[in-house]
Every structure is written in C-alpha cells, then in structure tokens.
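This report describes the fold and a few local backbone features of one model. The sequence and structure come first, and the description follows.

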Amino acid sequence: MPRHTVRRMLIQSRHPDKTACSHRLTSSGKPRDPESGCAGRGDYLARCTTCTWSSTGSPRTSLEYAWSTHACADHQETLS
Ligand SMILES: [Zn+2]
Ligand SMILES: [Zn+2]
C-alpha cells in the first residue's frame, strides 16, 4: 500500500447539538470532567487535509472508511 505523508484526515468530536467539542472525553464519549458542562460526544466531524472533503457522523470507523475512499487528487493517482 502506498504511503502518503501529507494527506491526512482531521477528526473532531461534536456535541449532540452539532457544536464542536474540545473537552476531554472518555473512550465511550462521555465527558471526563462532569463539571465541564459538556454534553458528551454526539457524532464526529471529519475533514481531509488535501481537498475540501468533509463528512459528519458516527461511528468513527465509518468516517475513516468514507475518507479513505473519497476522491481527492491523491486517491485518483493511487486508485486509477
Ligand atoms: Zn464537550
Ligand atoms: Zn481529500
């Protein structure tokens, strides 16, 4: 499998109301600090560092799959 060092997926947790969550979360998506006012993780926002691709949803693995198969210039080189 070809290695790419530049193209990456950025992923961010979002609250159930779709606002970005920058709180510390447990692996199950619950707020680590109950005093933080955090509602926990509702879903994820994922973006590609190479093109304008972005996607939201859950679980994380489905976003990683969508990212790995989306069409950006790098993929067109490796998949065609
Ligand atoms: Zn939060
Ligand atoms: Zn891309």
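The text below covers the sheet, the helix packed on it, and selected residues in the loops.

The model is predicted. Its sheet is open and has three strands in the order E1-E2-E3, paired antiparallel. Strand E1 (9-14) and strand E3 (54-57) are the edge strands, each pairing on one side only. From one strand to the next the twist averages 15°. Helix H1, residues 60-69, packs on this sheet and touches E1, E2 and E3. The direction of H1 makes about 20° with that of E2.

The pairing of E2 with E3 can be followed residue by residue. Strand E2 spans residues 43-48, and four bridges join E2 to E3 in an antiparallel arrangement. Within this pair, Leu45 stands opposite Thr56, and Arg47 stands opposite Ser54. The connection from E2 to E3 is a hairpin through five residues.

Cys51 lies in the loop between E2 and E3. How exposed is Cys51, given its C-beta neighbours inside 10 Å? It has 14 of them, and because this count falls between the limits of 12 or fewer for exposed and 20 or more for buried, Cys51 counts as partly exposed. Cys51 also comes within 8.8 Å of Arg7, C-alpha to C-alpha, although the two are 44 residues apart in sequence.

The loop between E1 and E2 contains Lys18. Phi of Lys18 is near 75°, which is a positive value in a residue other than glycine. Is Lys18 buried or exposed? Lys18 counts as exposed, because it has 10 C-beta neighbours inside 10 Å and the exposed class takes residues with 12 or fewer.

The two neighbour counts are set side by side here.

| Residue | C-beta neighbours inside 10 Å | Class |
|---|---|---|
| Cys51 | 14 | partly exposed |
| Lys18 | 10 | exposed |

The loop between E3 and H1 holds Pro59. Which kind of peptide bond joins Ser58 and Pro59? The bond is cis, with omega about 0°. Beyond this loop comes H1 at residues 60-69, the helix that packs on the sheet.

In short, the predicted model combines an open three-stranded antiparallel sheet with a helix, H1, packed on it. The local backbone features described are the positive phi of Lys18 and the cis bond between Ser58 and Pro59.

Definitions and conventions
Residues numbered from 1 in each chain as written. Chains lettered and ligands numbered in written order. Predicted model: local features only at pLDDT ≥ 70, side-chain atom pairs only at ≥ 80, totals over all residues. Pairing = 2+ DSSP bridges. Helix = DSSP H or I, 4+ residues; strand = E, 2+ residues; numbered from the N terminus. Axes fitted to C-alpha atoms, helices over the stretch in contact; angles between N-to-C directions. Contact = placed C-beta atoms within 7 Å.
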